[in-house]
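Biologist: I would like a close look at a single part of this structure, taken slowly and in connected form. Please begin with the covalent links and work outward from there.

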Amino acid sequence: MNTLTRSWSGRAICLALMVSLVGFMLAGSLSAEEGNDSSYCEGVALKCVSDAIISGLLSQGATLPIFLSFCLIGYGFCEKYVEKYI
């Protein structure tokens with residue numbers, strides 16, 4: 001196996017990269033959405049995709065395709081039925 005992933009320093013580097021990536025992805029959902037001129041469904045879909053990527057990182061990619069398909073189905077439903085009434 002790769003000695004970088006087995007060593008303590010390699011694990012620390014991987015953890016730091018993962019934490020910084022998760023922080024980068026959550027920064028968009030934690031920011032104020034008052035000035036955002038995108039639609040409601042696009043905002044919800046972006047939050048869902050960021051959650052899907054985080055879930056995929058934590059499960060080593062096992063849940064990513066399923067979670068992304070749920071996000072796309074939810075976006076289609078929102079565009080077709082919810083966006084009309086908002």
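How many disulfides does the structure hold, and which residues does each of them join?

Modeller: This is a predicted model, and the values below are computed from it. The structure holds two disulfides, and the part that deserves the close look is helix α3, since Cys41 lies in helix α3 and Cys78 in helix α4, while Cys48 lies in helix α3 and Cys71 in helix α4.

It helps to place that helix in its setting. The secondary structure of the protein comes to four helices and zero strands, so that the pattern read along the sequence is α-α-α-α. Of the 86 residues, 13% count as buried, and the protein exposes about 6700 Å², of which carbon and sulfur atoms supply 68%. Among the contacts with a separation of 6 or more, 51% are accounted for by residues 24 or more positions apart.

Helix α3 itself runs over residues 40–58, which makes 19 residues, and from its first C-alpha to its last it reaches 27 Å, close to the 27 Å expected at 1.5 Å a residue. Its buried residues are Cys41, Gly43, Ala45, Ser50, Ala52, Ile54 and Gly56. Just after the helix, Gln60 takes a positive phi of about 60 degrees.

The first link to consider is the disulfide that joins Cys41 to Cys78, with the sulfur atoms 1.9 Å apart. The angle about its S-S bond is -80 degrees, which makes the link of Cys41 and Cys78 left-handed. Because Cys41 belongs to helix α3 and Cys78 to helix α4 (residues 64–82), this pair ties together parts that are 37 residues apart in sequence. Both ends are covered: Cys41 is buried at a relative accessible area of 1%, and Cys78 is buried at 10%, each value falling under the 20% that marks a buried residue.

The other link joins Cys48 to Cys71, again with an S to S distance of 1.9 Å, and with -80 degrees about the S-S bond the link of Cys48 and Cys71 is left-handed. Since Cys48 sits in helix α3 and Cys71 in helix α4, the pair ties together parts that are 23 residues apart in sequence. Here the two ends do not share one class of exposure, because Cys48, at 23% relative accessibility, counts as partly exposed, whereas Cys71 is buried, with a relative accessible area of 5%. When the bonded cysteines of the protein are numbered in sequence order, the pairing is 1-4, 2-3.

Another residue of helix α3 to look at is Ser50, which is buried with a relative accessible area of 8%. A polar atom of the Ser50 side chain lies 2.8 Å from the backbone oxygen of Lys47, so this pair falls within the 3.5 Å used for a polar contact.

Beyond the disulfides, there are further places where α3 can be set beside residues distant in sequence. Leu72, which is found in helix α4, is 27 residues from Ala45 in sequence, yet the two are 7.5 Å apart in space, C-alpha to C-alpha. Ala45 is among the buried residues of α3, whereas Leu72 is exposed, with a relative accessible area of 63%. In the segment after α4 comes Ile86, whose C-alpha atom is separated by 8.4 Å from that of Tyr40, although the two residues are 46 apart along the chain. Ile86 counts as exposed, at 64% relative accessibility.

Helix α4, the partner of α3 in both links, also carries the one aromatic pair that the structure holds. Phe77 and Tyr81 form this pair, which is tilted, at 5.1 Å centre to centre and with 45 degrees between the planes. Being four residues apart in helix α4, Phe77 and Tyr81 are separated by about one helical turn. Neither ring residue is classed as buried, because Phe77 counts as partly exposed at 49% relative accessibility and Tyr81 counts as partly exposed at 42%.

Technical notes: Residues numbered from 1 in each chain as written. Predicted model: local features only at pLDDT ≥ 70, side-chain atom pairs only at ≥ 80, totals over all residues. Heavy atoms only, no water. Helix = DSSP H or I, 4+ residues; strand = E, 2+ residues; numbered from the N terminus. Expected span 1.5 Å × (residues − 1). Buried < 20%, exposed > 50% of the residue type's maximum accessible area, 1.4 Å probe, protein only. Disulfide = S-S within 2.5 Å. Polar contact = N/O pair within 3.5 Å; in protein donor to acceptor, adjacent residues only side chain to side chain. Contact = heavy atoms within 4.5 Å. Areas by Shrake-Rupley, 256 points an atom, 1.4 Å probe, with all protein chains shown as cover. Phe/Tyr/Trp six-rings, centres within 6.5 Å; stacked < 30°, edge-to-face > 60°.
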